[in-house]
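The following explanation is intended for a reader who meets this structure for the first time. It moves from a bound ion to the strands around it and then to further parts of the chain.

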Amino acid sequence: MLSCKSSRPPLNCPKVVPRPSAEVSTTVCGSMRQAAVRRLSVLAASVINSQIASVCDSGVRRSLQSYAQCSSSPGNNTHNAVTSGSLTSSCSAPYEFQHLASFGTSSLHRDLARGSRAQFSTQAVSTSEKGANMAFQAASEPDISYLTQKEAAAIDEELMGPLGFSVDQLMELAGLSVACAIYEVYRPSEYRRVLVICGPGNNGGDGFVCARHLHHFGYAPTICYPKRTDKPLYKGLVTQLEALHAPFVDPESLSLPLTDHYDVIVDAMFGFSFKGIPRPPFDKIVKMLSVGPDTNPAETGVPPTVSIDIPSGWDVEKGDVETTGFHPPMLVSLTAPKLAAKFFHGPHHFLGGRFVPPAIVEKFHLRLPPFPGTSQCVRIGPAVLDVAAMRLSYEAGALDEEDAAKDPVEQFSRWFNDAVAANIHEPNGMSLATVSADGRPSNRFVLLKGYDADGFKWYTNYGSRKGSDLSETGRAALAFWWPGLERQVRIEGDVEKLPSEESDAYFHSRPKGSQIGAAASPQSSVVPSRSTLEDMYKQLEAEYQDKELPRPETWGGFRLRPQRIEFWQGRPSRLHDRLLLTEWASVHAIRWRVEDRTFGTIGLICAYRSVPVTCEHDGISLRVSIDSHQGRKHHVLNRTPSIFLSIVVLIGW
Ligand SMILES: NC(=O)C1=CN([C@@H]2O[C@H](COP(=O)(O)OP(=O)(O)OC[C@H]3O[C@@H](n4cnc5c(N)ncnc54)[C@H](OP(=O)(O)O)[C@@H]3O)[C@@H](O)[C@H]2O)[C@@H](O)CC1
Ligand SMILES: [K+]
């Protein structure tokens, strides 16, 4: 029996949909797989931590931990190197274990592999949840310092005094970081209506700035500002929000259930200057919001609340000493967490305010986690790993056969350019799946280095595992994942080595350091130590200081000539768009045809279950008409008889 007991359920409990019987076998496999995946992820976290600890100094360790924690892009090489290395080391059979040293070209990978070897025996016996969870906590909790109320005020003065910052400048960055953190947890697709409650001080100012950015991120903010001030900075912030048509509401108009009008609340009432107990009208508001972090908004009528810097009403150093009972699920600490944050046990704790200069860090002995990339916020405190609850609604676009290019390479080119324009991290990162002659598949990320009508190219060490797989079988599959665009491209085909002139040309276009690295690195073989590699590097560097380094014969390019290309665009409710193009040879030329233009299987089942579907077939093609919320859509599927039959069976189910 399904129930609606999640901590953040939709406002109206959805109708219980019976699980399709056709999914039974998948579900059984799924639960086994989930259990395995759960073990894999906790073990991986444990190994990441210990491996990193064993090979890196503390600075690198912190960066890597934070990077592994914060990065979700499959194209992110460091993340993948660390994660994939750990997964294999902790969970695979000894056969896999022997191949640990083959993870990558960099020496760091080798060191990690060596670390995992030492780790393996320990891991093999410590698979209990407890041990794994402890390991995960250790990996997640950065070494961080907390501020007293006095220190927080002193930093404020220092920043806006000798260090030359203005209050509006800091407030802008602080408010932006809060909006960014909210976007990480509560996406506008589900949490669009935001109530921002602003107090009389700078914490309230952060709330206004946050509300403005939330508007531009796709939310609909409403402001409650009970105690106005005439200061020009605040008047300007109010005017800016009025110009965006953000409604302002009186505190008296707020009543339970707040969930009728709002999906998330931002508490910007008081920050680090708060003292005593909240005075009217804030006392009633704090009382109204006083629910625990794990309560169900549908039951309490209180949407999840995000507190800026400190949960309002809490003592800045001692936490909820007045027992307000206000325990929000999310806190965004600014500059550095205040002592009260030690008493915050909600699932989402972030640090924002990416403006702290080294002078402040030194003077106040701050220990802060690094912000990843260009991010304005960083998660601190252990992340909540409810993997089963991790899902996004895909709403970035649609893929219509009519709009797609007839030539798949042209279509790939369009999407690749979109990925570049969308600033996707390493848009040319692609997973390369190979299989050995005895049928063992393996997968890793590499960089696409060119594509045209003849195929997709990359370069590697011919002696690596992928290199030998490709030489043995001549087949591979590529997959690109562009998260911001919610798009995936899968390409399958035959693989051949590039002509040596082409590999030469690319090799010599690389930076000299990379050339030497390729020549010095005997990939997929165990090296005695890092210094062996470094010595080899130095030797080659000296030898070829003034002359061209010849391309090693063991290094070069591959080209995959595509036979099947599938373009996948995520859509809401898992009714994804897929366009599969397969190659067929006519008398005159290789041509491409649309093989399939349909939803994913589950999507088709859902479509069948929830909306009218009609089918007509003539033995060659199947015309499926589906009423979706965007109108009636027709899909023509050209199939081989067996697949065609299974689709008819599926529709008839
Ligand atoms: N680097 C930084 O440091 C940065 C800090 N920033 C932000 O500034 C925040 C600190 O701002 P802040 O100093 O203006 O004080 P804040 O906490 O907003 O409230 C003070 C107001 O609350 C009131 N009040 C107090 N007690 C009360 C009670 N019991 N009951 C009712 N009211 C009470 C008091 O009113 P009064 O007593 O004057 O009537 C006063 O007006 C900080 O937390 C962070 O968010 C960022 O913007 C930029 C970078
Ligand atoms: K607050």
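**The potassium site and its surroundings**

In this predicted model, the potassium ion (ligand 2) is coordinated by Asn203 (OD1), Asp267 (O), Phe270 (O), Ile308 (O), Ile310 (O) and Ser312 (OG), at distances of 2.7 to 3.1 Å. The angles among the six donor atoms range from 71 to 166°, and the site is irregular. Six donors would count as octahedral if opposite donors were over 155 degrees apart and all others between 65 and 115; anything else is irregular. Along the sequence, the donor residues follow the spacing N-x63-D-x2-F-x37-I-x1-I-x1-S.

Are the donors Asp267 and Phe270 buried or exposed? The threshold for a buried residue is a relative accessible area under 20%. Aspartate 267 has a relative accessible area of 0% and is therefore buried. Phenylalanine 270, with 14%, is buried as well.

The donor Ile308 leads to strand S5, which comprises residues 305-308. Both faces of S5 are covered: Thr305 and Ser307 lie on one side, Val306 and Ile308 lie on the other, and all of them are buried. Strand S4 (residues 264-268) pairs with S5 in the parallel sense over three bridges. Within this pairing, isoleucine 265 has threonine 305 in S5 as its bridge partner. S5 is also joined to strand S6 (residues 330-334) by three bridges, and these two strands run parallel. Here the bridge partner of isoleucine 308 is valine 332 in S6.

Strand S6 continues the picture. Which of its residues point which way? Met330, Val332 and Leu334 point one way from S6, while Leu331 and Ser333 point the other way, and all are buried. Because five of the five residues of S6 are buried, this strand is largely enclosed by the rest of the structure. S6 is in turn joined to strand S7 (residues 348-352) by five bridges, again in a parallel arrangement. Valine 332 stands opposite phenylalanine 350 in S7.

These strands belong to a wider arrangement. Eight strands form an open sheet with mixed pairing, in the order S3-S2-S1-S4-S5-S6-S7-S8. Its edges are strand S3 (248-249) and strand S8 (377-380), each of which pairs on one side only. Elsewhere in this sheet, strand S1 (residues 193-198) and strand S2 (residues 220-224) pair in the parallel sense over five bridges. Leucine 195 has threonine 222 in S2 as its bridge partner.

The other bound molecule to consider is ligand 1. Of the 24 residues around ligand 1, those that come nearest are Asp206, Gly271, Ser273, Lys275 and Asp309. Asparagine 203, a donor to the potassium ion (ligand 2), also has a polar side-chain atom 2.8 Å from an oxygen atom of ligand 1. For serine 273, a polar side-chain atom lies 2.6 Å from an oxygen atom of ligand 1. Threonine 335 has a polar side-chain atom 3.2 Å from a nitrogen atom of ligand 1. Taken alone, ligand 1 exposes 940 Å², of which the protein buries 83%. Helix H7 (149-160), helix H8 (167-185) and helix H9 (202-216) are the elements that give two or more residues to the shell around ligand 1.

Two further residues complete this tour. Serine 413 has its place in helix H14 (residues 408-421). This serine counts as buried because its relative accessibility is 19%, and its side chain makes a polar contact with the side chain of tyrosine 451 at 3.1 Å. Aspartate 400 is found in the loop between S8 and H14. With a relative accessible area of 25%, aspartate 400 is partly exposed. Aspartate 400 and arginine 578 are 178 residues apart in sequence, and their C-alpha atoms are 8.9 Å apart in space.

Key
Residues are numbered from 1 along each chain as its sequence is written. Chains are lettered from A and ligands numbered from 1 in the order in which they are written. This is a predicted model: local features need pLDDT of at least 70, side-chain atom pairs count only at pLDDT 80 or more; totals for chains, interfaces and linings use all residues. Side-chain values use heavy atoms; hydrogens and water are left out. Donors are N, O and S atoms within 2.8 Å of the metal (3.2 Å for Na, K and Ca); water is not among the atoms, so sites may look incomplete. Four donors count as tetrahedral if all angles lie between 85 and 135 degrees; four count as square planar and six as octahedral if opposite donors are over 155 degrees apart and all others between 65 and 115; anything else is irregular. Buried means under 20% relative accessible area, exposed over 50%, partly exposed in between (1.4 Å probe, protein chains only). Helices (H or I, at least four residues) and strands (E, at least two) are DSSP runs, numbered from the N terminus. Two strands pair if DSSP finds at least two bridges between them. A residue is near a molecule or strand if one of its heavy atoms lies within 4 Å of it. A polar contact is a pair of N or O atoms within 3.5 Å; within protein, one must be able to donate a hydrogen and the other to accept it, and residues adjacent in sequence count only if both atoms are side-chain atoms. Accessible areas come from the Shrake-Rupley method with a 1.4 Å probe; for residues, only the protein chains shown count as cover.
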